[in-house]
Amino acid sequence: MISKKTIYGLQAAILLAKRYDTGPVLITDLACEGHIPKKFLEAILLELRKEGILKSKKGKGGGYVLGKDPQDISIGEIIKTLEGPLSEVIFEDENKETNEIKMILKEVKDAMSNILDKTSLADVIERAGTGQNVLNYVI
């Protein structure tokens, strides 16, 4: 399950990707447009900045911008920054009957991670612009 923090981080990154060539965006504007609590957003943006996903500029004309091209930032990178690595499902029961289930769940996790790592912010914006359902994947 993805936390509210990560959902807000993804929303903010998508908003910044849509404005990639327009210069820095104020936190207040991002919070208002994304319906995100400003204080919460500040902490999220700092985490993304520490990882180089975002850059910030202080002073007049300041704000946040993407740290690199939207095509070079994956959804997986943002999720891993804010949530940590996608964890393995661990069974406390170590009997042989659960090994097959563990293998299947690992395949699901790997497939999901692969999709998230291959999907860039630019891909999300393009899909949204064409009306294509962004979440329509087959594993």
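**A predicted helical model with one β-hairpin**

In this predicted model, His 35 is found in the loop between α2 and α3. The backbone of His 35 has a positive phi of about 55°, although the residue is not a glycine. As a general background to this value, most residues other than glycine have a negative phi. His 35 is also exposed, because its relative accessible area is 66%, and a residue counts as exposed when that value is over 50%.

The loop that holds His 35 belongs to a protein whose secondary structure comes to six helices and two strands. Read from the N terminus on, the elements follow the order α-α-α-β-β-α-α-α, in which the two strands stand between three helices and three further helices. Of the 139 residues in the protein, 32% are buried. The accessible surface comes to about 8900 Å², and carbon and sulfur atoms account for 56% of that area. When contacts between residues at least 6 apart in sequence are considered, 61% of them join residues that are at least 24 apart.

The two strands form a hairpin, with five residues between them. Strand β1, made of residues 54–57, pairs with β2 in the antiparallel sense, and the pairing runs over four bridges. Within this arrangement, Ser 56 stands opposite Tyr 64, a residue of β2. A positive phi is found in the hairpin as well, where Gly 59 takes a value near 85°.

The interior of the model was examined next. In soluble globular proteins, nonpolar side chains tend to be buried together. The largest nonpolar core of the model has 28 residues, and those with the most contacts inside it are Leu 41, Leu 45, Leu 54, Ile 78 and Leu 121. Two or more residues are given to this core by each of α1 (4–18), α2 (27–34), α3 (38–50), β2, α4 and α6 (121–130). Helix α1 gives the most, with seven residues. The surroundings of Ile 78 illustrate how residues from separate parts of the sequence come together: once residues up to four places away in sequence are set aside, Ile 78 touches Gly 9, Leu 10, Ala 13, Leu 48, Ile 53, Ile 73 and Leu 121.

Helices α1 and α3 are also linked by aromatic rings. A search of the whole structure finds one aromatic pair, which is formed by Tyr 8 and Phe 40 in an edge-to-face arrangement, with 5.7 Å from centre to centre and 80° between the planes. Because Tyr 8 lies in helix α1 and Phe 40 in helix α3, the pair ties together parts that are 32 residues apart in sequence. The two partners are covered to unlike degrees, for Tyr 8 is buried at a relative accessible area of 11%, whereas Phe 40 counts as partly exposed at 33%.

A further group of residues involves the loops beside α4 and α6. Ser 74 is placed in the loop between β2 (63–66) and α4 (75–83). With 12% relative accessibility, Ser 74 counts as buried, since the limit for a buried residue is under 20%. A polar atom of the Ser 74 side chain lies 2.9 Å from the backbone nitrogen of Glu 77. Beyond its neighbours within four places in sequence, Ser 74 is in contact with Leu 116, Asp 117, Thr 119 and Ser 120. The C-alpha atoms of Ser 74 and Ile 115 are 9.5 Å apart in space, although the two residues are separated by 41 residues in sequence.

One of the partners of Ser 74 is Thr 119, which is found in the loop between α5 (99–118) and α6. Thr 119 counts as buried, its relative accessibility being 6%. The side chain of Thr 119 reaches the backbone oxygen of Ile 115 at 2.7 Å, and Ile 115 is thus the residue already described in relation to Ser 74. Helix α5 also holds Ser 113, a buried residue with a relative accessible area of 14%. Apart from its neighbours within four places in sequence, Ser 113 is in contact with Lys 80 and Leu 86.

Key. Residues numbered from 1 in each chain as written. Predicted model: local features only at pLDDT ≥ 70, side-chain atom pairs only at ≥ 80, totals over all residues. Heavy atoms only, no water. Buried < 20%, exposed > 50% of the residue type's maximum accessible area, 1.4 Å probe, protein only. Contact = heavy atoms within 4.5 Å. Areas by Shrake-Rupley, 256 points an atom, 1.4 Å probe, with all protein chains shown as cover. Polar contact = N/O pair within 3.5 Å; in protein donor to acceptor, adjacent residues only side chain to side chain. Core = buried A, V, L, I, M, F, W, Y, C linked by side-chain atoms within 4.5 Å. Pairing = 2+ DSSP bridges. Phe/Tyr/Trp six-rings, centres within 6.5 Å; stacked < 30°, edge-to-face > 60°.
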